[in-house]
Amino acid sequence: MTESKHWTLKSIAQELGVSNATVSNAFNRPDQLSEKRRNEILAACNELGYFGPNKAARSLRRGKFDTVALVLPDSVSYMVSDPVASKFMKGVAEVLEQHKINLLLFSGGAESINGVSDFVDGFICYGRPRNGVLVDQLKQMKKKVVTVDFNIHRSASVSIDNRRGAYDVASIALQSEQDQVAILGLRLLDTHLTCRVYDFDSDAMEVDTSIAHQRLQGYLDAITDKQISLSPDRVWNIPESNSDFAAIAAKEALSCNPRPNVFLCMSDLIAMAVVREALQKGLRVPEDIRVVGFDGIEEAQRMVPALTTVYQHSEQKGRQAAQMFIDDAHDAEILDYELLRGGSC
């Protein structure tokens, strides 16, 4: 009775001397057995190491897996440490858990979604994946897809107006035609390097699929409306929203001649790195440089001076994306954002 082996519904029923239906009912239809009989069967199965009928096979028969794949823009290890992404994932998980749906985190750097597509009910895609092939696969996917912060024009989407948010926060920082501006962008280029962006074509920017290009266009719109000249060497690409990469760009930008006095940053973490580097150089914020960010993370509001930024409701965005998936929605939802005025400009 205690020999270790691979049990099936049929073999465990034979071992216990009962019908297949009796074992199945013990696990799936408890109302069909007396409580005493059910507990006896479950206890015997547990002792033998059998924990119920194959759920994967059952899901394949039903065509429903109660699992949603959340496609992240970058690696899972990076995204779970990002404060904005973490709040978004929390919002998604809250709604899915209420409906007893599991959440599978999937890297945006993976080669293909085909490895999981047969075992999930669909996809929520949070931002454009680093591997653009995944976007093409999602466009062709027959299962449900909800995109977040970009649109593939075939399914439901939820986002904020990143271009307008960037325009609004830049308009606070830009005060004079003589302002010297630096833009510290996030993933403007498909590279893992922190570097300057010398050549970008506004007409060729992927405004539909790239959050970075949406925000860049918003910054450029504000700069144009303020009649400010942007030097061609004053835009930086930062591959990840973290302090180390941002510090490299911040140090380089602060060493330029003439030194920028306005920093338009595509995340709060990048903006915080600029403030730290400026203070280490003995510069004053906002007297010597003005800095704005994007996201509205709590840490940026606790720093001194507090950061002027765009606050997006990331948890709400996550809840909305999950609910749209459950409701099988096919529309595009644009959520509100808030401008937080701090002392950084």
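Helices (H or I, at least four residues) and strands (E, at least two) are DSSP runs, numbered from the N terminus. This is a predicted model, in which local features need pLDDT of at least 70 and side-chain atom pairs count only at pLDDT 80 or more, while totals for chains, interfaces and linings use all residues. Residues are numbered from 1 along each chain as its sequence is written, and side-chain values use heavy atoms, with hydrogens and water left out.

**View 1. His-213 in helix 10.** Let us start with His-213, which is found in helix 10 (residues 211-225). Buried means under 20% relative accessible area, exposed means over 50%, and partly exposed is in between (1.4 Å probe, protein chains only). His-213 has a relative accessible area of 13%, so it is buried. Its C-alpha atom is separated by 9.8 Å from that of Leu-189, and these two residues are 24 apart along the chain.

**View 2. A loop residue, Gln-227.** Gln-227 sits in the loop between helix 10 and strand 8 (235-238). Because its relative accessibility is 57%, Gln-227 counts as exposed. From C-alpha to C-alpha, Gln-227 and Gln-178 are 9.2 Å apart in space, with their places 49 residues apart in sequence.

**View 3. An open sheet of 5 strands.** Here two strands pair if DSSP finds at least two bridges between them. The strand order in this open sheet is 7-8-6-9-10, and the pairing is mixed. Strand 7 (195-196) and strand 10 (290-292) are the edge strands, each pairing on one side only. Strand 6 (residues 181-186) and strand 9 (residues 262-265) run parallel and are joined by 4 bridges. Look for Val-181, which stands opposite Val-262 in strand 9.

**View 4. The largest nonpolar core.** A nonpolar core is a set of buried Ala, Val, Leu, Ile, Met, Phe, Trp, Tyr and Cys residues joined through side-chain atoms within 4.5 Å. The largest one has 81 residues, and Ile-124, Ile-183, Leu-184, Phe-263 and Leu-264 have the most contacts inside it. Helix 12 (residues 268-280) gives the largest share of this core, 8 residues. Apart from it lies another core, of 16 residues, including Phe-106 and Met-141. In soluble globular proteins, nonpolar side chains tend to be buried together.

**View 5. The surroundings of Ile-124.** Contact means heavy atoms within 4.5 Å. Which residues does Ile-124 contact, leaving aside its neighbours within four places in sequence? Among them are Val-68, Leu-70, Phe-88, Val-146, Ala-321 and Phe-325.

**View 6. Asp-149 and its partner.** Asp-149 has a positive phi of about 70° although it is not a glycine. A salt bridge is a side-chain nitrogen of Lys or Arg within 4 Å of a carboxyl oxygen of Asp or Glu. Asp-149 forms one with Lys-317, and the closest N and O atoms are 2.9 Å apart. Asp-149 lies in the loop between strand 4 and strand 5 and Lys-317 in helix 14 (residues 314-326), so the pair ties together parts that are 168 residues apart in sequence. Both Asp-149 and Lys-317 are buried.

**View 7. Arg-130 with Asp-74.** The side chains of Arg-130 and Asp-74 meet in a salt bridge of 2.8 Å, N to O. Why does this pair tie together parts that are 56 residues apart in sequence? Arg-130 lies in the loop between strand 3 (122-126) and helix 8 (133-140), whereas Asp-74 lies in the loop between strand 1 (67-71) and helix 5 (76-79). Arg-130 is buried, and Asp-74 is too.

**View 8. Arg-196 with Asp-233.** These two side chains meet in a salt bridge of 3.4 Å, N to O. The pair links distant parts of the chain, with Arg-196 in strand 7 and Asp-233 in the loop between helix 10 and strand 8, 37 residues apart. At 26% relative accessibility, Asp-233 counts as partly exposed.

**View 9. Two cis peptide bonds.** One cis peptide bond joins Asn-257 and Pro-258, with omega about 0°. Pro-258 is in the loop between helix 11 (243-254) and strand 9. Another cis peptide bond, also with omega about 0°, joins Val-304 and Pro-305. Pro-305 has its place in the loop between helix 13 (298-302) and strand 11 (309-312).
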